[in-house]
Amino acid sequence: MISPLLLKPFLISPNRLLLCLLAGLSTGCVTTTVQEIRSAATGIGTTESVVVLARHDNAADESEDDFVSCVSGNLTEGKNGIGVMTEAEFVDALFPWFEPRTAPLNTSDLPEIVNQPILADKLNSIGVRYVIWIEGNTHRTSSGGAMTCSISVTGAGCFGFLSWENDSSYEASIWDIKHGNSVGKVSSDANGTSFMPAVVVPIPFIARVQTGACNSMSDQLKTFITKES
Amino acid sequence: MTSELNCRNTESARLKFIHRCGLGALVALTLAGCSGAKVQMEGDIPTPLVNQLPLRIGLYLEPALMQYVFEEKIEEHGDWRIDAGPIQAKLFKQVTNAMFIEAPLVDSLTPTGVTLDGVLAPSIVDFQISIPSQTRSEFYEVWIKYLMRLYDPQGTLIAEWPLTAYGKANRGDFGVLENSDAPGIRNATMTALRDAGAFLALRFTSVPEIRAWLDARATVAPGGET
């Protein structure tokens, strides 16, 4: 238990508050690795777009919504940004063919979809050329340390040290809807350790592991799709 | 703020304040422990992209379906209530309007004053949920078992088949500080409803009795029209 008298000067000092806010923005280190496997040539027209979808058939490996949104958002950015249709818009437009239990699992299932005139017309009208299936997730691999916080009528404070390690592992399979084949895969792995020392005020140093994996994957996907090879 | 200043004045006030803080914390902890959710299902079902069958099928939605409410008390995890009745009309109207050339709502299994090839009557026979704390997973899950019945215009049963729908929602997709119970179970239910619509639209003609009925109609009246 920390004495409230010790807490008071820390809590009211604007300089210290600013210091804490700046420290809160600090991040831990993240290591990322990206790999790609190309099995066919790619390229995208100015009127064509892509859609990033999460696989929902395997609960253990299901990607988080925010990771899919992050990749989708990043693909549109920058000078080599590409057109992206949101997951919700795409599955609604193609309902009921891309629902969790009806979506094609392999490219061998694609002809059944793209060869139906009603679906082919819809795909042409929405302009989606590539479907990017994302699998994988981020999880905590280890954690340690201890922190005690107390609150009293004159203030509050914490003391201790916490650390934890997160690991991200994602794989994107890219399908060419126009030709009904798989054109390749991009995988992104990241890990990093976050820590939070606390002497009265906890100061988090968060390793943004998932964001690191997202940024690396997005950059690689943009190059993969736009590079005509 | 006023109460905090008062607390500093006297020892008795301080004790009162601590007591109140303790009580507040206890209430907050109790509320946090008693989870549960009360959800009114709302939202839109997209129009299915399927080839229309040359059939005029009336849609009969029984009152029990339209007023369907799922309720369950899960020990240590509160009361769960999902009002899934009103959205059934939206779901089945949207799906059958895309599946058939005509799919009017009818008020009985043998409607009069309208020319139909059959009447479709869905009903819910089972509804189950599971929450992350029960399964030690990250998912809210919903299973809905419908019993679908297709009658001819005279009220004779043509086909009866189960339609099992499943939906899940990841707790991790909600904010750390957000109570994910209501949005989680709502999203899982909506996914299950879409799943029901998807399987009805895609598998209708795969039901053996319906396949046989359609084949018989094609033999009697080429083009499938009565």
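This briefing walks through chain B, its helices and cores, and its contact with chain A. The model is a predicted one. Chain B is built from seven helices and nine strands, and 46% of its 226 residues are buried. Two of its helices, helix 6 and helix 7, get most of the attention below, followed by a residue in strand 7.

**Chain B as a whole**

- Among the contacts in chain B with a separation of 6 or more, 69% join residues 24 or more positions apart.
- The surface that chain B exposes comes to about 11,800 Å², and carbon and sulfur atoms supply 54% of it.

**The nonpolar cores**

- The largest nonpolar core has 58 residues, and B:Tyr146, B:Trp161, B:Leu200 and B:Phe204 have the most contacts inside it.
- Helix 6 of chain B gives this core its largest share, 10 residues.
- A second core, separate from that one, has 27 residues, including A:Tyr170, A:Val186, A:Ala213 and A:Cys214.
- Back in the largest core, B:Phe204 is worth a look: leaving out residues up to four places away in sequence, B:Phe204 touches B:Leu53, B:Met99, B:Phe100, B:Leu120, B:Leu150, B:Trp161, B:Phe199 and B:Ile210.

**Helix 7 of chain B**

- Helix 7 covers residues 208-220, and at 1.5 Å a residue these 13 residues should span 18 Å; the end C-alpha atoms are 18 Å apart, so the expected span and the model agree.
- The buried residues in helix 7 of chain B include B:Ile210, B:Trp213, B:Leu214 and B:Arg217.
- These residues cover an arc of only 95° around the axis, and therefore sit on the same side of helix 7 of chain B.
- As background, an α-helix has 3.6 residues a turn, so residues three or four places apart point the same way.
- Cover for the buried residues of helix 7 includes strand 2 (53-60), strand 8 (139-151) and strand 9 (157-170) of chain B.
- On the face of helix 7 turned away from its buried side you will find the exposed residues B:Pro208 and B:Thr219.

**Two residues of helix 6 of chain B**

- B:Ile185 belongs to helix 6, which runs over residues 181-203 of chain B.
- B:Ile185 counts as buried because its relative accessibility is 0%.
- Not counting residues up to four places away in sequence, B:Ile185 touches B:Ala37, B:Val39, B:Trp80, B:Ile82, B:Ile129, B:Tyr140, B:Glu141, B:Val142 and B:Ser180.
- From B:Ile185 to B:Thr164 the separation is 21 residues in sequence and 17 Å in space, C-alpha to C-alpha.
- B:Arg194 also has its place in helix 6 of chain B, and with a relative accessible area of 12% B:Arg194 is buried.
- Setting aside neighbours within four places in sequence, B:Arg194 is in contact with A:Val91, A:Asp92, A:Phe95 and A:Glu99 from chain A, as well as B:Ile45 and B:Pro46.

**Where chain A meets chain B**

- The contact draws on 21 residues from chain A and 26 residues from chain B.
- Between them the two chains bury about 2,000 Å², with 60% of it on carbon and sulfur atoms.
- A:Phe95, A:Arg101 and A:Val153 supply 38% of the area that chain A buries against chain B, more than any other three residues.

**A buried serine in strand 7**

- B:Ser123 is part of strand 7 (residues 118-130) of chain B, and counts as buried at 7% relative accessibility.
- Apart from residues up to four places away in sequence, B:Ser123 touches B:Glu62, B:Leu65, B:Lys145, B:Tyr146, B:Leu147 and B:Arg149.

How values were computed. Residues numbered from 1 in each chain as written. Chains lettered and ligands numbered in written order. Predicted model: local features only at pLDDT ≥ 70, side-chain atom pairs only at ≥ 80, totals over all residues. Heavy atoms only, no water. Helix = DSSP H or I, 4+ residues; strand = E, 2+ residues; numbered from the N terminus. Expected span 1.5 Å × (residues − 1). Buried < 20%, exposed > 50% of the residue type's maximum accessible area, 1.4 Å probe, protein only. Arc of directions from axis to C-beta. Contact = heavy atoms within 4.5 Å. Areas by Shrake-Rupley, 256 points an atom, 1.4 Å probe, with all protein chains shown as cover. Core = buried A, V, L, I, M, F, W, Y, C linked by side-chain atoms within 4.5 Å. Buried area = accessible area lost by both parts, 1.4 Å probe.
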